Amino acid sequence: MRFSHTCPKCSSTEIYVSKGRKHHNHGNKIMISTFKVVPLDHYTCIDCGYTEEWVTDKKSLDFLRRKARTQKPRDNFTDFV
Ligand SMILES: [Zn+2]
């Protein structure tokens, strides 16, 4: 949707784009910590309401890449077997 500008659910080309803001109290974002905010861009289909969220800020993606490398995998359910 972000690149095709076409809704994957209903094929509409009427897409509303809402850009996330980094230094704003309100708006689209992920709170990583008290001091770290990752802005989210929303792409919403005007016809069916389907919405996608994208992190488009390159510095935020680099930050998340570093953070992901230090995370432990959470989908390990072998302890429950
Ligand atoms: Zn749609």
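Okay, one term before we start: a nonpolar core here is a set of buried Ala, Val, Leu, Ile, Met, Phe, Trp, Tyr and Cys residues joined through side-chain atoms within 4.5 Å. And keep in mind that what you're looking at is a predicted model.

So, which residues make up the largest nonpolar core? There are 5 in all: Met 1, Cys 7, Ile 15, Tyr 43 and Cys 45. Have a look at Cys 45 in particular. Leaving out residues up to four places away in sequence, Cys 45 touches Met 1, Cys 7 and Ile 15 from that core, and its other contacts are Cys 10, Ser 12, Glu 14 and Tyr 50.

Now zoom out to the whole chain. We've got 5 strands and 1 helix, and if you walk along the sequence the order is β-β-β-β-β-α. The chain has 81 residues, and 21% of them count as buried. On the outside, about 6,600 Å² is exposed, with carbon and sulfur atoms supplying 52% of that. As for contacts with a separation of 6 or more, 43% are between residues 24 or more positions apart.

Last stop is Asp 41. You'll find Asp 41 in strand S4, which covers residues 41-45. Buried or exposed? Asp 41 counts as buried because its relative accessible area is 3%, and the cut-off is under 20%. Its side chain makes a polar contact of 2.7 Å with the side chain of Thr 56. Again skipping residues up to four places away in sequence, Asp 41 touches Ser 18, Lys 19 and Gly 20, plus Glu 52, Glu 53, Trp 54 and, once more, Thr 56.

That's my tour, thanks.

Notes. Residues are numbered from 1 along each chain as its sequence is written. This is a predicted model: local features need pLDDT of at least 70, side-chain atom pairs count only at pLDDT 80 or more; totals for chains, interfaces and linings use all residues. Side-chain values use heavy atoms; hydrogens and water are left out. Buried means under 20% relative accessible area, exposed over 50%, partly exposed in between (1.4 Å probe, protein chains only). Contact means heavy atoms within 4.5 Å. Helices (H or I, at least four residues) and strands (E, at least two) are DSSP runs, numbered from the N terminus. Accessible areas come from the Shrake-Rupley method with a 1.4 Å probe; for residues, only the protein chains shown count as cover. A polar contact is a pair of N or O atoms within 3.5 Å; within protein, one must be able to donate a hydrogen and the other to accept it, and residues adjacent in sequence count only if both atoms are side-chain atoms.
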